[in-house]
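This report introduces a protein structure to a reader who has not met it before. Please look at the sequence and the fold before reading on.

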Amino acid sequence: MVPDMEAAGSTGVVSSSADDGVNNQEIDQTQNATSNAKRPRGRTPADKEHRSLKRLLRNRVSAQQARERKKVYVSDLESRANELQNNNDELEEKISTLINENTMLRKMLINTRPKPDDHH
């Protein structure tokens, strides 16, 4: 495509279709070279080993974190179980005390009631 002389004169840039073809070809070759450098088609053994080691390390870290979370979880459960056991023990002691008090009050009530023979 050849630009108008007026447009070329106003911008100060003159281009021709022949120049564009050469420049585009050079750009295409440069892009192909950089895209090939970024993404190799086949993985090298070193690359595979590197990825494998990275995956192994991530897995180890993840497993360690899971063990730590489990430790915290079990510790919290044990703490909660101890709390509930102590609370249960206190409540059982209160129940025992109240049962004893109730029994004593019933006996007192029976002893303070007038006997049927006393009314005559």
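The following text describes the overall make-up of the chain, then its salt bridges, and then a charged patch on its surface.

**Overall make-up**

The structure is a predicted model. Its chain has 120 residues, and its secondary structure consists of 3 helices and 0 strands. Read from the N terminus, the order of elements is α-α-α. One of these elements, helix H3, covers residues 45-112.

Of the residues in the chain, 1% count as buried. The area that the chain exposes is about 11700 Å², and 54% of this area is supplied by carbon and sulfur atoms.

**Salt bridges**

The structure contains 3 salt bridges. They are set out below with the N to O distance of each pair.

| Residue pair | N to O distance |
|---|---|
| Asp-47 and Arg-43 | 4.0 Å |
| Asp-47 and Arg-51 | 3.8 Å |
| Arg-80 and Glu-83 | 3.5 Å |

Asp-47 forms a salt bridge with Arg-43 and also with Arg-51. Arg-43, Asp-47 and Arg-51 are thus linked in a network of salt bridges. Within helix H3, Asp-47 and Arg-51 lie 4 residues apart, so about one helical turn separates them.

How exposed are the members of this network? Asp-47 is partly exposed, with a relative accessible area of 24%. A residue counts as buried under 20%, so the value of 24% places Asp-47 in the partly exposed class. Arg-43 is partly exposed as well, with a relative accessible area of 46%, and Arg-51 is partly exposed at 44%.

The side chains of Arg-80 and Glu-83 also meet in a salt bridge. These two residues are 3 apart in helix H3, and therefore about one helical turn lies between them. Arg-80 has a relative accessible area of 45% and is partly exposed; Glu-83 is likewise partly exposed, with a value of 47%.

**A patch of negative charge**

Which residues gather in a patch of negative charge on the surface? The patch is formed by Asp-89, Glu-90, Glu-92 and Glu-93. Of these, Glu-92 can be described further: Glu-92 is located in helix H3 and is partly exposed, with a relative accessible area of 46%. Membership of a patch requires a relative accessible area over 30%, and Glu-92 meets this requirement because its value is 46%.

Conventions. Residues are numbered from 1 along each chain as its sequence is written. This is a predicted model: local features need pLDDT of at least 70, side-chain atom pairs count only at pLDDT 80 or more; totals for chains, interfaces and linings use all residues. Side-chain values use heavy atoms; hydrogens and water are left out. Buried means under 20% relative accessible area, exposed over 50%, partly exposed in between (1.4 Å probe, protein chains only). Accessible areas come from the Shrake-Rupley method with a 1.4 Å probe; for residues, only the protein chains shown count as cover. Patches are made of residues with over 30% relative accessible area and no salt bridge: like charges are joined within 9 Å, nonpolar side chains (Val, Leu, Ile, Met, Phe, Trp, Tyr) within 5 Å. Lys and Arg count as positive and Asp and Glu as negative; His and the chain ends are not counted. The place of a charge is taken as NZ of Lys, CZ of Arg, CG of Asp or CD of Glu.
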